[in-house]
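Let's take a walk through a sheet and then look in on a ligand. Keep the sequence and the 3D view side by side as you read.

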Amino acid sequence: MTKILVTGGLGYIGSHTVVELVNAGYEPVIVDDLSNSQLQILNQLEKIIGFKPAFYQFDLCDEQKLRDFAASEPGIAGVIHFAASKAVGESVVKPLKYYRNNIYSLVNLLNVYSGKPVGIVFSSSCTVYGQPDELPVTETAPVKPAQSPYGNTKQIAEEILIDAITSGDAKKVIALRYFNPVGAHSTALIGELPIGVPQNLVPFITQTAIGKRQKITVFGDDYNTKDGSCVRDYIHVVDLAKAHVAALKLMEKPDFSGFDVFNLGTGIGNTVLEIITAFERATGVKLNYEIGPRRGGDVEQVWGDVTKSANELHWKAELDIDTMMSSAWKWEKYLSQNTL
Ligand code: UD1
């Protein structure tokens, strides 16, 4: 079996990708420092895939530890690099934490696997587009000045990867620009585990519905959109996970070389109010929400053109908004009834 290093493999997107790797016949090897994930996710993964995947706990910023890992796991054929800090607001307060975690770890990975035939899949973000001039946004749209240190780390990381391809340090790299990943695995055994008060829309919705939060605030209803609330391209995390397998398969083709980038979205934009309505429709649960002021740093609307992903990655999102909402709700209910 082909061994794939999954950094951040116990995190939200990482854990779902571990499942899809196993479904596709790969052997995932997880590295995670547990800074924003829980060890118990290994047990949850075992319940889904039938065995406990290989797991190493260390910080990728420690180059020596990464070298020791590479020596003890010599057969790694690909790396899917999720491990990174991802809270936009925190990155403004603690920029150095973000530059350290998100940049050092990538540079160390590139150094340790330099010159080796190891394909790298990198977690990028639609945040690199800022507020695009044209919608849906394609991969050729200009990268706009980053609105946060977090966003800047994604832009810098893409540049580092391109330079590493040019120098020959890396041979094959695919950057995946995620739109808004939501939802949970159909078994409700894994899902998003926000620490503290969720910053993102869907975990805030499900925590409000379960009674952990009193109400949810819609950040602005005076945008130039169909109902005044912001528009995003929400994508089911299982669809997103499958795209990582598609990226590995593309890099396995002998004619693939160098750097490529793909949008991972559904190609459909939904407003915040539409998401709330979809949640109520899909779950039958009424949500206590209010309209509040805009949130600083939010773009008005963004959704992706997914033509290139369909044609070249041979991948398309399949799960609809209602499935995203019902699976997120099932997971929230699982968490309220079980200790991980
Ligand atoms: C943000 C980042 C994105 C990052 C992602 C990771 C920006 C511009 N984007 O996405 O780069 O990859 O987080 O987590 O910083 N909303 C409410 N009420 C809430 C929470 C959210 O109305 O309580 C609205 C927001 O205004 C936004 C939408 O819901 O319109 C989605 O917000 P969120 O889930 O935080 O994701 P983004 O801001 O799109």
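Start at S11, where Phe-262 is the bridge partner of Leu-176. Strands here are DSSP E runs of at least two residues, helices are H or I runs of at least four, and both are numbered from the N terminus. This is a predicted model, in which local features need pLDDT of at least 70 and side-chain atom pairs count only at pLDDT 80 or more, while totals for chains, interfaces and linings use all residues. Residues are numbered from 1 along each chain as its sequence is written, and side-chain values use heavy atoms, with hydrogens and water left out.

Leu-176 also looks the other way along the sheet: this S6 residue is the bridge partner of Ser-123. Further along, Gly-78 has Gly-119 of S5 as its bridge partner. Two strands count as paired if DSSP finds at least two bridges between them, and these three pairs make a neat little list:

| Strand pair | Sense | Bridges |
|---|---|---|
| S4 (residues 76–81) and S5 | parallel | four |
| S5 and S6 (residues 172–178) | parallel | six |
| S6 and S11 | parallel | seven |

Zoom out, and the strands belong to an open sheet of seven with parallel pairing, in the order S3-S2-S1-S4-S5-S6-S11. S3 (54–56) and S11 (258–264) stand at the edges with a single partner strand each, so one side of each has no neighbour in the sheet. On average, neighbouring strands are turned by 20° against each other, direction ignored (axes are lines fitted to C-alpha atoms).

Now for S5 itself, residues 119–125. Are its residues buried or exposed? Seven of the seven are buried, meaning under 20% relative accessible area with a 1.4 Å probe and protein chains only. Gly-119, Val-121, Ser-123 and Ser-125 point one way, with Ile-120, Phe-122 and Ser-124 pointing the other. In a regular strand, side chains alternate between the two faces of the sheet. S5 also joins helix H6 (residues 149–167) and S6 in a right-handed β-α-β unit.

S5 leads us to the ligand, too: an N or O atom in the Ser-125 side chain is 3.4 Å from a ligand oxygen. A polar backbone atom of Thr-217 is 2.8 Å from a ligand nitrogen, and a backbone N or O atom of Phe-219 lies 2.9 Å from a ligand oxygen. The protein covers 88% of the 740 Å² of accessible area that the ligand has on its own (Shrake-Rupley method, 1.4 Å probe). The largest share of the surrounding shell, four residues, comes from strand S8 (residues 216–219).

How values were computed: Buried < 20%, exposed > 50% of the residue type's maximum accessible area, 1.4 Å probe, protein only. Right-handed = clockwise from strand over helix to strand, strands pointing away. Axes fitted to C-alpha atoms, helices over the stretch in contact; angles between N-to-C directions. Polar contact = N/O pair within 3.5 Å; in protein donor to acceptor, adjacent residues only side chain to side chain.
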